[in-house]
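This report describes the ligand surroundings, the annotated domains and selected backbone features of one protein model. Please read it alongside the sequence and coordinates shown below.

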Amino acid sequence: MKVYILGAGAIGSLFGGLLAKAGVDVLLIGRDPHVKSIGERGLVIKGIINEEIRVNATTSIPKEKPDLIILSTKAYSTEDALNSAKDIVRETWVLSIQNGIGNEDKILRVGGKAIGGITTNGAILKEPGIVEWKGKGITIIGLYPQGHNEFVEEVAELFNKAGLETHTSDNIIGWIWAKAIVNSAINTIGSILEIKNGLIKDNQYLLSAAMEVIKEGCRIALQNGIEFEVPPMELFFQTLEQTKDNYNSMLQDLWRGKRTEIDYISGKIVEYGKYVNLEAPMNSLLWALVKAKEELRNNVWRKGK
Ligand SMILES: NC(=O)c1ccc[n+]([C@@H]2O[C@H](COP(=O)([O-])OP(=O)(O)OC[C@H]3O[C@@H](n4cnc5c(N)ncnc54)[C@H](O)[C@@H]3O)[C@@H](O)[C@H]2O)c1
Ligand SMILES: CC(C)(CO)[C@@H](O)C(=O)[O-]
């Protein structure tokens with residue numbers, strides 16, 4: 001199977017590197033200096049494993065279509081990435097392993113065949129060419145919005161052979177929403193207060209606020225016809241326990257002065273609330289506070305305070 005990783009940063013390079021190590025024909029499509037470093041010294045994956053992997057990498061979109069594109073840009077780059085690759089996306093299987101709501105809809109809009117996915121693996125790009133696999137997790141994939149087929153099973157088998165524990169689901173949209181609802185409570189509160197995930201569970205005020213955010217997201221999802229495989233409240237508590245020592249990824253983006261994916265998490269929950277005439281006061285407030293933090297941090301950053 002020929003696989004392209006479109007948006008080879010932290011999680012995309014982890015998946016691409018492990019697939020390449022397992023003998024899959026992989027091409028990482030990303031940006032310099034990360035791509036340049038891989039070309040010169042190979043891709044280093046450290047943390048859970050310590051491997052230097054030879055894998056092809058490029059900054060340009062090839063003309064030849066692959067069997068599978070794994071989409072791993074940040075959610076705010078999805079549209080641009082798909083448009084830059086639309087000639088090879090059309091009629092090709094495209095698997096999103098991103099966070100947030102709406103990535104797979106964009107794949108369908110440019111004529112791709114969408115496979116949805118969530119992953120709880122954790123990876124960071126330490127420096128160009130070096131990815132740290134911080135946490136071993138699971139990945140769930142399925143035809144988007146629902147169903148599965150032989151190809152999805154083939155992809156899951158490939159991922160499992162590469163050491164990425166992967167399961168298939170007939171209701172991947174339910175998993176995508178459940179994860180987004182969990183992120184809408186943990187990432188926002190954790191980012192605003194700049195605390196580890198575990199403190200949300202340990203502090204009664206934060207826990208009750210987070211639970212209200214989860215309930216609000218569930219009401220909106222259910223009213224939009226989304227069904228859950230696992231109740232988001234249960235996933236929320238599981239996640240807090242499993243990641244209690246983590247600073248969430250949104251907070252890490254803020255600390256790096258990077259844009260966050262808040263528009264595709266809380267912003268989408270507010271948007272889908274409007275479709276069914278449901279207010280989303282908690283998500284609206286948290287969305288505004290994180291957006292303000294993005295701006296204030298940059299301004300403060302610029303003033304050099
Ligand atoms: N990092 C993790 O542990 C993790 C875990 C689960 C889910 N996710 C999700 O996966 C997605 C990616 O996260 P990440 O941490 O890997 O982000 P990242 O910023 O490290 O990687 C994204 C990469 O895409 C590249 N890119 C953007 N537009 C491109 C384009 N048009 N062509 C080629 N490359 C392009 C960027 O340069 C960047 O290197 C996000 O939705 C994130 O929430 C990440
Ligand atoms: C599950 C999660 C919130 C753990 O930190 C992760 O999705 C993140 O950091 O975005």
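Helix H7 (residues 172–193) contributes four residues to the shell around ligand 2, the most from any element; helices (H or I, at least four residues) and strands (E, at least two) are DSSP runs numbered from the N terminus. The model is predicted, local features need pLDDT of at least 70, side-chain atom pairs count only at pLDDT 80 or more, and totals for chains, interfaces and linings use all residues. Residues are numbered from 1 along each chain as its sequence is written, chains are lettered from A and ligands numbered from 1 in the order in which they are written, and side-chain values use heavy atoms, with hydrogens and water left out.

**Ligand 2**

The shell is made up of Lys179, Asn183, Ile186, Asn187, Asn197, Thr239, Thr243, Asn246, Asn248 and Ser249, where a residue is near a molecule or strand if one of its heavy atoms lies within 4 Å of it. By class, this shell holds one nonpolar, eight polar and one charged residues. In that scheme Ala, Val, Leu, Ile, Met, Phe, Trp, Tyr, Cys and Pro are nonpolar, Asp, Glu, Lys and Arg are charged, and the others, Gly among them, are polar.

The table lists polar contacts of both ligands. A polar contact is a pair of N or O atoms within 3.5 Å; within protein, one must be able to donate a hydrogen and the other to accept it, and residues adjacent in sequence count only if both atoms are side-chain atoms.

| Ligand atom | Protein atom | Distance |
|---|---|---|
| Oxygen of ligand 2 | Polar side-chain atom of Asn183 | 3.1 Å |
| Oxygen of ligand 2 | Side-chain N or O of Asn197 | 3.0 Å |
| Oxygen of ligand 1 | Polar backbone atom of Asn99 | 3.0 Å |
| Oxygen of ligand 1 | Polar backbone atom of Ala123 | 2.8 Å |
| Oxygen of ligand 1 | Side-chain N or O of Glu261 | 2.6 Å |
| Oxygen of ligand 2 | Polar side-chain atom of Ser249 | 2.6 Å |

Ligand 2 exposes 280 Å² when taken alone, and the protein buries 84% of that. Accessible areas come from the Shrake-Rupley method with a 1.4 Å probe; for residues, only the protein chains shown count as cover.

**Ligand 1**

Around ligand 1 there are 24 residues, of which Ala10, Ile11, Asn99, Ala123 and Glu261 come nearest. An oxygen atom of ligand 1 lies 2.6 Å from a side-chain N or O atom of Glu261. Taken alone, ligand 1 exposes 820 Å², of which the protein buries 84%. Helix H1 (10–21) and strand S9 (122–127) are the elements that give two or more residues to this shell. Its residues divide into eight nonpolar, eleven polar and five charged.

**Annotated domains**

An unreviewed UniProt entry places "domain: Ketopantoate reductase N-terminal" at residues 3–145 and "domain: Ketopantoate reductase C-terminal" at residues 171–294. UniProt positions follow the numbering used here, feature names are shortened, and annotations may be inferred rather than shown by experiment. Over residues 3–145 the chain is 27% helix and 36% strand, with its end C-alpha atoms 22 Å apart. Over residues 171–294 the chain is 73% helix and 0% strand, and the end C-alpha atoms are 34 Å apart.

**Helix H9**

Helix H9 (residues 204–223) has 20 residues and reaches 29 Å from its first C-alpha to its last, close to the 28 Å expected at 1.5 Å a residue; the expected span is 1.5 Å times one less than the number of residues. At the start of H9, a side-chain oxygen of Asn203 comes within 2.9 Å of the backbone nitrogen of Tyr205. Its buried residues include Leu206, Ala210, Val213, Glu216 and Gly217. Here buried means under 20% relative accessible area, exposed over 50%, and partly exposed in between (1.4 Å probe, protein chains only). Gly225, with a positive phi near 85°, follows H9.

**Loops and backbone geometry**

Cis peptide bonds join Asp32 to Pro33, with omega about 5°, and Tyr144 to Pro145, with omega about 0°. Pro33 is in the loop between strand S2 (25–29) and helix H2 (34–41), whereas Pro145 is in the loop between strand S11 (139–143) and helix H6 (150–161).

Glu91, a residue other than glycine, has a positive phi near 65°. Glu91 counts as exposed because its relative accessibility is 56%. Asn277, also not a glycine, has a positive phi near 55°, and its relative accessible area of 73% makes Asn277 exposed. Gly100, in the loop between strand S7 (93–96) and helix H5 (103–109), counts as buried at 7% relative accessibility.
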